Amino acid sequence: MKWYNALQFIVLCLTVALVAVDWGIGLWATVTFAVVTLVKIIAEKRVGNPSLDTPMRVALLAVVAYWLSNVASMLYSTDLSGATDVVFRKAVMLIAPLCVLLSDMSYISRNHLRAVFYALLLAVGGLFVYDWITGTFEDKNHSYVAMYILTVTPFIYKELAVRRQSMPLWWRLALYVAAVMSIVFIIYIDSRAGILCLYGLEVICGVHFALKSRWWKGALLALMLVGLTYTAEKNLPNHTSRLTMSPVVVPESADEGNASDAADGGDTVQAPLYGKYYDARMAINVTALKTIADSPVFGYGVGDYDTVLIDRYGTEGYQSLKEQHINAHNQYTETALATGIVGLLVMLWWLVMPLLVAWRRWAAFWEVLSLTFIVMFSLLFESILERQMGMQFVALLYALMLLAVHVARQPMNTEN
């Protein structure tokens, strides 16, 4: 391997690992990846990746289209400084896809891609050990960390499903420990999205096992997950409560008696509004949908939508949400608020393009399906693409999915 390819690959591994550990360090690593890629382009005197076909190029350019939809919304944003800040922050999403598009990464093999995911696995394992020693599980942003953890889960599954027989015993045991660790990690950070997504991944893996005539392995996987969940519930009584409860919001329209009951009851009592009952998550979603309905096509612009939503909380009687400046906590509604249905369709197109490419090529389909499911499911519970810790990781993962399709199409492929 030439020196510039080796350097680019090393920085790619470090970037994937560091983004999961700390978004600030990860941002510098991402910028370094861009600089190294530029050096590689200059050294090779070649622009463009010849290993990509037209659908893969279109998939990578879809990220640019999503970013441009945010840029276009600046035209009708009254807060231009806020809009500019959002657009510049989101520009980091372009780095990884454009690096894959503009530099020749045909040197990437299956083993190179495995090394990248092992780097992520080591980073997640290091986070787990650190949190276990320091007792800081609760300090993590559970939605983002759960997405990092879940990303290594299908990789562990693939490694054991394909290479288990050829692995040394210690390696197999390490992967089994890593699989258990990832589940325990999600339980301890108390992530609602992570818990539910984990069961969704089990369904995907179970179907894959069944299609490969290994239904008994799928049954064993299900039993292990049920057993660990039961054990977690016995040792962490609040574990399953994350699936059904959110902090209560008492609207100003509630009478004093109801407000007092809600305060005494904590999470188990919900506050009445217009004869119905809403918890905090439901209040956010309903308010966001009402706000979207007032400007559905193009939204309010990336500079204004947040202010419009916060003001709407006050109109709906959710003063505490207004005072805390709570965002939509859902990337789909957040995008619809900012850029309308037009921008939402562009985002959905971008997100599903790797899966469509994998389906069309029938290359790395199950891997891409799992990773796409993780991202799109996580977006239901958090505005992932509004913070650097989410934007950087999703953009990297997006590029890695297309690289996975590329390596799966290489000769002598028997792994899909």
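Which helix holds the place of Ser182? Ser182 sits in helix 8, residues 169–189. The model is predicted. Ser182 counts as buried because its relative accessibility is 1%, under the 20% cut-off. Leaving aside neighbours within four places in sequence, Ser182 contacts Ile149 and Thr153. Ile149 is 33 residues away along the chain, yet the two C-alpha atoms are separated by 6.0 Å.

**Core**

The largest nonpolar core has 127 residues. Phe185, Met347, Trp350, Leu385 and Tyr398 touch the most other members. Helix 17 (residues 388–408) gives the most to this core, with 17 residues. Beyond four places in sequence, the contacts of Leu385 include Met347 and Trp350. Tyr66, Lys90, Met93 and Gln331 are also among the contacts of Leu385.

**Charges**

The count of salt bridges comes to 11. Three of them are listed here, with N to O distances.

| Pair | Closest N to O | Places | Apart in sequence |
|---|---|---|---|
| Glu386 and Lys90 | 3.0 Å | Loop between helix 16 and helix 17; helix 4 | 296 residues |
| Glu159 and Arg114 | 2.9 Å | Helix 7; helix 6 | 45 residues |
| Lys158 and Glu367 | 2.2 Å | Helix 7; helix 16 | 209 residues |

Glu386 counts as buried because its relative accessibility is 12%. Lys90 also counts as buried, at 3%. Glu159 and Arg114 are both buried. Lys158 is buried too, at 12% relative accessibility. Elsewhere, Lys290, Asp294, Arg312 and Glu316 are linked in a network of salt bridges.

Glu382 lies in the loop between helix 16 (365–378) and helix 17. Which side chain of opposite charge is nearest to Glu382? It is Arg387, 5.4 Å away. A salt bridge needs nitrogen and oxygen within 4 Å. Glu382 is thus buried without a salt bridge. Not counting residues up to four places away in sequence, Glu382 touches Ser143, Tyr144, Asn327, His329, Asn330 and Gln331.

**Surface**

Trp3, Leu7, Val31, Val35 and Val39 form a nonpolar patch on the surface. Together they have about 430 Å² of accessible area. Helix 1 (3–21) and helix 2 (23–44) each supply at least two residues of the patch. Helix 2 gives the largest share, three residues. Trp3 belongs to helix 1. At 55% relative accessibility, Trp3 counts as exposed.

Note on methods. Residues numbered from 1 in each chain as written. Predicted model: local features only at pLDDT ≥ 70, side-chain atom pairs only at ≥ 80, totals over all residues. Heavy atoms only, no water. Core = buried A, V, L, I, M, F, W, Y, C linked by side-chain atoms within 4.5 Å. Buried < 20%, exposed > 50% of the residue type's maximum accessible area, 1.4 Å probe, protein only. Helix = DSSP H or I, 4+ residues; strand = E, 2+ residues; numbered from the N terminus. Contact = heavy atoms within 4.5 Å. Lys, Arg positive; Asp, Glu negative; His and termini not counted. Patch = residues over 30% accessible without salt bridge, like charges linked within 9 Å, V, L, I, M, F, W, Y side chains within 5 Å. Areas by Shrake-Rupley, 256 points an atom, 1.4 Å probe, with all protein chains shown as cover.
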